[in-house]
Every structure is written in C-alpha cells, then in structure tokens.
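The following briefing concerns a single protein model and is arranged by topic. Please consult the sequence and the structure alongside the text.

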Amino acid sequence: MAWLNRLQPYTLALLRIVTALLFLQHGLSKMVGFPNPGQKLSHFVSLIGLAAVLEVVGGALLVVGFRTRLVAFILSGEMAVAYFKAHAPHGFYPILNGGEGAILFCFIFLYLACAGGGACSMDRR
C-alpha cells in the first residue's frame, strides 16, 4: 500500500483538475453558450450571472491550482447556496430535486479547501 501513498499528491491534483474542468464547463455554458448554445444567459446582473463568473474564474484558477484553498472554499459556499436556493425547494431527496451535482461539487471543493491543490499546482511552486 506504500505505493498508493506516493500517488496521493497526484491523484489529488487529478481530482482538482477534472473537477475544475467540469465546473468551468458549467460557467462557460452560462456565460458564452459553450458547449451548450441554448443555455447562454441574456444578462449577468443576477445570481445566476454571478454564479457563471465564479464558475469560470474559479474553475480556471483551480485548473492551474492557483490559490486553491481560498478559491475552493468560495466555490464550496457557492454550491451550498446553489443547492439550497435552486434544488432543495423542489424536494428533500437530492436524487429527486436534481441536486446531486451541487452537493458533490460542494463537498469536493470543501475537501480541496482543506487538502490543497496537490502536485502540479501553482501553489506548490
């Protein structure tokens, strides 16, 4: 099992990068309609507009691992707010209210806020 311990910083970095790319995709879809042109926002002066900016900027910062702990903490809070404002009112169970993704992002970001960016991050340099 010692070899798994040696891989830990790299798997943490992989978790950070893949999660950030998925999160960035959500923001880009809202902000510029990529890769889903039908979901582009008409204006940014709203909670969804603020979320789009946080998702694009925060996702990009997490991809490169810059200020990982701070950015991940902010994004964890954003996802908690998103869950309770957008999903929880539609039912108690996340599988029924569509909130599984928000909960997963929230707790992955909370973990990254505690663990840092792992190997291959700007924070390490």
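The sulfur of cysteine 114 lies 11 Å from the closest cysteine sulfur, that of cysteine 106, which is too far for a bond. A disulfide is taken here as a pair of cysteine sulfur atoms within 2.5 Å, and a search of the whole structure finds zero disulfides. The model is predicted, so local features need pLDDT of at least 70 and side-chain atom pairs count only at pLDDT 80 or more, whereas totals for chains, interfaces and linings use all residues. Residues are numbered from 1 along each chain as its sequence is written, and side-chain values use heavy atoms, with hydrogens and water left out.

**Cysteines**

- Cysteine 106 counts as buried, at 11% relative accessibility; buried means under 20% relative accessible area, exposed over 50%, and partly exposed in between, with a 1.4 Å probe and protein chains only.
- Cysteine 114, by contrast, counts as exposed, at 58% relative accessibility.

**Salt bridge**

- One salt bridge is found in a search of the whole structure, the criterion being a side-chain nitrogen of Lys or Arg within 4 Å of a carboxyl oxygen of Asp or Glu.
- The partners are lysine 30 and glutamate 55, whose closest N and O atoms are 2.9 Å apart.
- This pair links distant parts of the chain, with lysine 30 in helix H1 and glutamate 55 in helix H2, 25 residues apart.
- Helices are DSSP runs (H or I, at least four residues), numbered from the N terminus.
- Both partners are buried: lysine 30 has a relative accessible area of 16%, and glutamate 55 has 3% relative accessibility.
- Side chains of opposite charge can pair when their charged atoms come close.

**Helix H3**

- Helix H3 covers residues 68-87, 20 residues in total, and reaches 26 Å from its first C-alpha to its last, close to the 28 Å expected at 1.5 Å a residue; the expected span is 1.5 Å times one less than the number of residues.
- The buried residues of H3 are Thr68, Val71, Ala72, Leu75, Ser76, Glu78, Met79, Tyr83 and His87.
- These buried residues cover an arc of only 165° around the axis, which puts them on the same side of H3; the arc is that of the directions from the helix axis to the C-beta atoms.
- Exposed residues Leu70, Phe73, Phe84 and Lys85 are carried on the face of H3 turned away from its buried side.
- The cover over the buried residues of H3 includes helix H1 (2-32), helix H2 (47-64), helix H4 (94-97) and helix H5 (100-115).
- Histidine 87 is found in H3, and its side chain reaches the backbone oxygen of asparagine 97 at 3.1 Å.
- Not counting residues up to four places away in sequence, histidine 87 touches Ala82, Asn97, Gly98, Gly99 and Ala102, where contact means heavy atoms within 4.5 Å.

**Helix H2**

- The 18 residues of H2 should span 26 Å at 1.5 Å a residue, and its end C-alpha atoms are 26 Å apart, which agrees.
- Gly49, Ala51, Ala52, Glu55, Val56, Gly58, Gly59 and Leu62 are the buried residues of H2, and they pack against H1, H3 and H5.
- Glycine 65, just after H2, takes a positive phi of about 75°.

**Alanine 13**

- Alanine 13 lies in helix H1 and counts as buried, at 3% relative accessibility.
- From alanine 13 to leucine 62 the C-alpha separation is 9.7 Å, with their positions 49 residues apart in sequence.
- Apart from neighbours within four places in sequence, alanine 13 is in contact with Gly117, Gly118 and Ala119.

Key. Helix = DSSP H or I, 4+ residues; strand = E, 2+ residues; numbered from the N terminus. Polar contact = N/O pair within 3.5 Å; in protein donor to acceptor, adjacent residues only side chain to side chain.
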